[in-house]
Amino acid sequence: MSEPKTAKRDALIDIEKKAQKVWEEHKAFEVDAPTIEEYANIETIHQDHPKYLSTTAYPYMNGRLHLGHGFTVSKIEFATGYHRLQGKRALFPLGWHCTGMPIRACADKLAREMEKFGKDYVIPEETEEATPEIENLNLKETERVDPTKIVAKKGKVAAKNTGLKYQFQIMEQIGVPREDIHKFADPQHWLTYFPPIATDDVKKIGYKIDFRRSFITTDANPFYDAFIRWQFNKLRALNKVKFGERYTIYSPKDGQPCMDHDRSSGEGVGPQDYTCIKLKVLEFSPEAQAIVAANKELQGKKIFMVAATLRPETMYGQTNCFVGVDLKYGIFKTRNADELFLMTERAARNMAFQNLSPSNGEVVKVADLVGRQLVGTQIQAPLSSYPSVYVLPMDGVLATKGTGVVTSVPSDSPDDFATMMDLKKKPDYYKIQPEWIASYEPIPIINTPAYGNLAAPTVCAQMKINSQKDKTQLALAKDAVYKDGFYNGVMIIGEHAGKSVQEAKPLIRQMLIDAHQAVPYNEPENLVISRSGDECIVALMDQWYLDYGETEWRKMAEECLAEMNVYTDETRNAFEKNLAWLNQWACARSYGLGTRLPWDHNFLVESLSDSTIYMAYYTIAALLQGGSIDGSVPGPLGIKAEQMTDQAFEYILADGPLPTDTDIPKASLDKLRREFEYFYPLDVRTSGKELIPNHLTFAIYNHVALFPKKYWPRSIRANGHLMLNGDKMAKSTGNFLGLAQAVDKYGADATRLALADAGDSGEDANFEDSTANAAILKLHTLLEWIQETMAQKDQMRTTGRDQYNFYDRVFESHMNKLINQTEAHYEATYYREAVKSGFYELTAARDFYREACALMDIPMNKGLFMRYLEVQTLVISPIVTHWAEHVWGNVLGKDGLVVNARWPVAGPVDEKVLQEMDYLRRQLANVRAAETQANKKKKKGKSDAFDPMKPKKITILLAAKFPEWQEASIAVLQGAYQPNNKDGKLFDDDKVKKELAAKGLMKDKKVMPFLHDLKKKAEQQGASVFSRALSFDEPELLKDQSEYLRKVLGYQTLTLVKSDEVAAVTEGDADQEDYVRAAEQSVPGQPTFVVKNIVA
């Protein structure tokens, strides 16, 4: 009976289950600090007992873990395994995040669906769920709309769409039985259901987690709840938490701020601050006037077209304003009963929550218009030199940006200037009166060094922009003009003439606001959709916020970042950019799950604010919670949650004084403190790069505020997203793999190896099905070979190092070099490279050794063989840990566990013997390439073509020295080498040409191509390219290894001939010309060869 196709995978899975059982029995991954009794001096403890604390973003418990989770977690998992090998107490804890809106929103959806369809969620066939747009714009702050209502998903939110209509269907998709779904209408059920499943999933893949330290967040865990209360009480005491009016992304349906983790799309999007210019309508166009005259609510009112601008300083240059002819506009009531604003409905919805509408959250529209009806309207533009200007049409005005009304400043806006020119050239085409634009010219308002005082006309002329339809060129022009104007421009008009634009901009903005000619206005930078399906706006509201960006706090955060290892320049740049713009962050909400604000129980701490320092809580969780994730089981110290006061946490975590408000014994407090001060600071934090703008930056801010400097984090590693087989993972497309599914499909170690091979940079990584399947075969095959060869080890050579042959020395040095390389890759967290050097290249080195020994009929060296098995097992054990555990204990018979073993010590590396082997490999490759070419000639029917399949002979032609023209050319190039030249030019080309001409070498056609190649090598390798002396005796090496080469290549004879002796040696040979021609091409280190068939 043939074995099943999955036999190799199943055999590996069997090994994995046994290894996991052994780890469980030995409590292998439970790591504690040395007790005070074992080591009292905390100042020197890390010298004698080194540690490594690594954490990753704790997964959110609204579903099963997927392969993307596994990828991010693997970065910490592999590091933990490596640092254990380095003799450190490497701690890897993992908790479960439950704070925030998603779980509560999903639970409430299920409750609504249960009301509609019953406990078993049976949908009547005729039921069709409505998919409304924004139904009610008159949303007041007191009118809370149910956030669980099923609404249409539009725009970017579609990217996260599962393709399923109802929440209960999503629950079924992630594996919840239909009969159990009703339980999830209680949000607390999620907290007890998914964490144990997640725990099983990470155990199944063999992650080295200390589960005693796992916990859930929210007030369902009273210990963590107390920890967060300490954090926020301290932040408030330090004046880092404040209360006041600020702009924030807000969901009217949810009735609360919508922070990053509350969003279906738009994570990282913040408010965009505009100045809204009030353009007073002097006279409507006839069509618009008819609409206005017929509306009693508009009589006697001042109507302003409001235009959102980022450049209030340019308002001196207004010559008109633009509208989109097909856009829908409205006239809306404002806070001032005598004033009405004309703008898009979207803008009115934002303004309604910014104290600009009759009452907060109320949108009152009194008239509808279309853009074309407004063209020709006469308005008054604040600060403009023209007493009145006209409303004109413009292509590309968006309803999704600003107010739909656009100020026109053709002196400093290339788009405005190009549109002005179009309108002047073709007034009839654009259906405008010539007088509305003909007499209006750009007004000089800002002088710039690059473009003078009419920047837009100047750059449009330079770039030959002739129309507003030249979108690509206009985008480049806009960028150039705006940058030069902002950074280098000087005002030449108005009250602030002579001041730089940077200085004048805020002054002019405030002047316009104080004169009631403008209002501040904010809207989301891009589309934001809440998890309840609401399109979010920006609200100005009183709220509790963290004062990120405050000068002194930011300086501390920047100091911390400067001293941290962030592994890539890309990550450092992202952090620096984020610290430069990040400011006040709303830290409280009224809906969801979490910890209540200690001083205001009406609010919960939001999910990105209670997840900034939980890494510190890991250090003490095992002693407090006793392995129960919700703290329901007393820990080893018998402490109750109510005993963990702020003073207690301050003593344990921040070197505070002994608390006076708790009855916890000092000995217990000291044990908690020892765990924290031993494992902190955090050695590495790994998360997806999308968390840099919020979670990771917040973690830096909170650490520097709450902890002494010695506890600030040491490094943060950001990785990209994980793609699956080259495409984005998405349930809606079916290109999706859960973590447990992957282990079932490939086994744990093959999955782990494929995750390591997926990628290490900040770019998106790629998990390949083919890599995982190949890993199954490679691991199984290697294990079989080890077992088979172990059975024959007593037949191997037992000679010592002093009697090693060439192949022994090559293998030993290559192995030692790969140990060092793999160690460096692990240190740098380059796990793909670690797999490459520590697995693929090391097995390739073994392949060379065993094949060479077999070819030369020499038994392998037993000591080297056993050394290889130990090295191979150890260096790959952080990644394929189960396989390594099996080999270590069951095949090699080693004492103890491989996860407790030590990194192999690399011996000396003989670079000379490795260079000799590389040289031999190059010659083998050259011969095989030549044979391939010969085979092509044979297939074309050439009768005299070499046939590599027939008996054959090879002659290798060796050169004793380089040609004189090469030596002379190299000397010239070396003389012109200038590595320290400030202009970056590596060679003085004029000098090269002069000296080559003087030596008569310019006429030789071989010289320039030769030097061109040498210059390229010099750019990469430096001055070493000028020294071409070999480190070994080439003729001696080829003589010693001629039999090896002959056998590997499959030739009947192999002859070595010195190139200067070829004429004499081949005298009388019919093919002498071939030998002589080949010898002329031979140089030291690059012999040539002639291959011939043996004629019977």
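The exercises below, each with a worked solution, concern a predicted model.

Residues are numbered from 1 along each chain as its sequence is written, and side-chain values use heavy atoms, with hydrogens and water left out. Local features need pLDDT of at least 70 and side-chain atom pairs count only at pLDDT 80 or more, while totals for chains, interfaces and linings use all residues.

**Exercise 1. Overall description**

Task: State how many helices and strands the protein has, and what share of its residues is buried.

Solution. Step 1: helices (H or I, at least four residues) and strands (E, at least two) are taken as DSSP runs numbered from the N terminus. The protein has 35 helices and 31 strands.
Step 2: buried means under 20% relative accessible area, exposed over 50%, and partly exposed in between, with a 1.4 Å probe and protein chains only. Of the 1096 residues, 54% are buried.
Step 3: the C-alpha atoms fill a box of roughly 115 × 85 × 65 Å along the principal axes. With contact defined as heavy atoms within 4.5 Å, residues 24 or more positions apart account for 77% of the contacts with a separation of 6 or more.

**Exercise 2. Cysteines**

Task: Determine how many disulfides the structure holds, and explain why C258 is not bonded to C536.

Solution. Step 1: a disulfide is a pair of cysteine sulfur atoms within 2.5 Å. The structure holds zero disulfides.
Step 2: the cysteine sulfur closest to that of C258 belongs to C536 and lies 3.8 Å away, which is too far for a bond.
Step 3: C276 is in no disulfide either, and its nearest cysteine sulfur, in C321, is 12 Å away.
Step 4: C258 is buried at 1% relative accessibility, and C276 is buried at 0%.

**Exercise 3. Two helix pairs**

Task: Classify the packing of α29 with α30 and of α7 with α20.

Solution. Step 1: axes are lines fitted to C-alpha atoms, for helices over the stretch in contact, and angles run from 0 to 180 degrees between N-to-C directions. Angles under 35 degrees count as roughly parallel, over 145 as roughly antiparallel, 65 to 115 as roughly perpendicular, and the rest as oblique.
Step 2: α29 (residues 964-975) and α30 (residues 989-998) pack at about 150 degrees with axes 9 Å apart, so α29 is roughly antiparallel to α30. The contact joins S969, V972, L973 and G975 of α29 to K991, V992, E995 and L996 of α30.
Step 3: α7 (residues 222-237) and α20 (residues 692-706) pack at about 75 degrees with axes 10 Å apart, so α7 is roughly perpendicular to α20. Here Q231, K234 and L235 of α7 meet N702, A705 and L706 of α20.

**Exercise 4. Helix α27**

Task: Decide whether helix α27 is largely enclosed or open, and name its packing partners.

Solution. Step 1: nine of the 11 residues of α27 (residues 881-891) are buried, so the helix is largely enclosed by the rest of the structure. Among them are W883, H886 and W888.
Step 2: the buried residues pack against α1 (7-26), α3 (67-85), α22 (748-757), α23 (769-790) and α26 (862-876).
Step 3: just after α27, G893 takes a positive phi of about 70 degrees.

**Exercise 5. Residue Q373**

Task: Is Q373 buried or exposed, and which residues does Q373 touch?

Solution. Step 1: Q373 is found in helix α10 (residues 371-374).
Step 2: Q373 counts as buried at 15% relative accessibility.
Step 3: leaving out residues up to four places away in sequence, Q373 touches S285, E287, A288 and I291.
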